[in-house]
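Please look over the sequence and the model below. The text after them begins with an enclosed space, then turns to the whole chain and to one residue.

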Amino acid sequence: MATSDSGAPGRVLGFLESRKNLTGSACGLAGLGLTFAGVAGAYWPVVVAGLYAAGALIAPPERPRAPGFAEPAEQLDELRGDFGRLREYLAAVDLPPAAAGRLTELDALLAALLEPGWVAEALALDPEAVHALSRTVRQDIPESVDTYTRTRWWTRLNPGAAPPERELDRQLGLLHGEAEAIASALREAEARRQQTHTRYLEDRGR
């Protein structure tokens, strides 16, 4: 019962502030103006109520406010923090030399893309690229390394199985390719921007 009682004042206040009530009240005030002007006569209550109802009916319906989500630039700020935590995790994992080398290359590329500045500003203009990097940092790399460490343990019990290092190296290579594709897309976007400016200068000089 307490929940219903506490919600009732809020519902009443919400109705008083609603478009329907405000529009209806404005029309009702117009009806009072007609009454004072002597137009409504003895039927003024009906006129005021009718105008209020008409105003409430023609008022645009209330719509819930759309939820506000983090902008790509804000998502990048959060992603940088997660990238730092990923680096701490990777520093504690014993990786084979080949995979460690690939991971070092991937780490350098991700760090360059996420570095605050004009590169990150260009990246923030591409939500799909931000999503791809987020998936790489928060899901793909941790999953690849974690499955490697678990599979390596089982391989020690079964020496004849395929070495998990090979699969890890392949996964990191694919992730590095995805990050390179993002970097290439950003570079091509800047190149198109440069070419567009060149054409603008050429057209201006004609």
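The largest cavity has a volume of about 30 Å³. This is a predicted model, and a search of the whole structure finds 1 cavity of 30 Å³ or more.

What lines this cavity? The lining of the largest cavity is made up of Phe83, Leu86, Leu90, Leu103, Leu106, Asp107, Leu110 and Ile141. Sorted by kind, these lining residues are 7 nonpolar, no polar and 1 charged. Asp107 is the charged one, because Asp counts as charged. Two helices, H4 (72-91) and H5 (97-114), each supply at least two residues of the lining. The most comes from H5, which gives 4 residues.

Now step back to the whole chain. The protein chain has 8 helices and 0 strands. Its pattern along the sequence is therefore written with helices alone, as α-α-α-α-α-α-α-α. The chain has 206 residues, and 26% of them count as buried. Its accessible surface is about 14,100 Å², and carbon and sulfur atoms account for 60% of that area.

The contacts show how parts of the sequence are brought together. Among contacts in the protein chain with a separation of 6 or more, 73% are between residues 24 or more positions apart.

One residue gives an example of such contacts. Where is Arg138 placed? Arg138 belongs to helix H7, which covers residues 127-157. Leaving aside residues up to four places away in sequence, Arg138 touches Gln75, Glu78, Leu79 and Asp82. These four residue numbers fall within the span of H4 (72-91), so the contacts of Arg138 beyond its sequence neighbours, as counted here within 4.5 Å, are with that helix.

Asp82 can be followed further. Arg138 and Asp82 are 56 residues apart along the chain, yet their C-alpha atoms are separated by 7.1 Å. The side chains of these two residues are joined by a polar contact of 2.5 Å. A second polar contact, of 2.7 Å, joins the side chain of Arg138 to that of Ser134.

Is Arg138 buried or exposed, or does it lie in between? Arg138 has a relative accessible area of 41%, so it is partly exposed. The reasoning needs two cut-offs: buried means under 20%, and exposed means over 50%. The value for Arg138 lies between these limits, which means that neither of the other two words applies.

Notes. Residues are numbered from 1 along each chain as its sequence is written. This is a predicted model: local features need pLDDT of at least 70, side-chain atom pairs count only at pLDDT 80 or more; totals for chains, interfaces and linings use all residues. Side-chain values use heavy atoms; hydrogens and water are left out. Buried means under 20% relative accessible area, exposed over 50%, partly exposed in between (1.4 Å probe, protein chains only). Accessible areas come from the Shrake-Rupley method with a 1.4 Å probe; for residues, only the protein chains shown count as cover. On a 1 Å grid over the protein atoms alone, a cavity is a set of points where a 1.4 Å probe fits but cannot get out, and a pocket is an open set with protein on both sides within 12 Å along at least five of seven lines; lining residues have an atom within 4 Å of a point. Grid points are joined across faces, edges and corners, and a volume is the space filled by probe spheres set on the points. A polar contact is a pair of N or O atoms within 3.5 Å; within protein, one must be able to donate a hydrogen and the other to accept it, and residues adjacent in sequence count only if both atoms are side-chain atoms.
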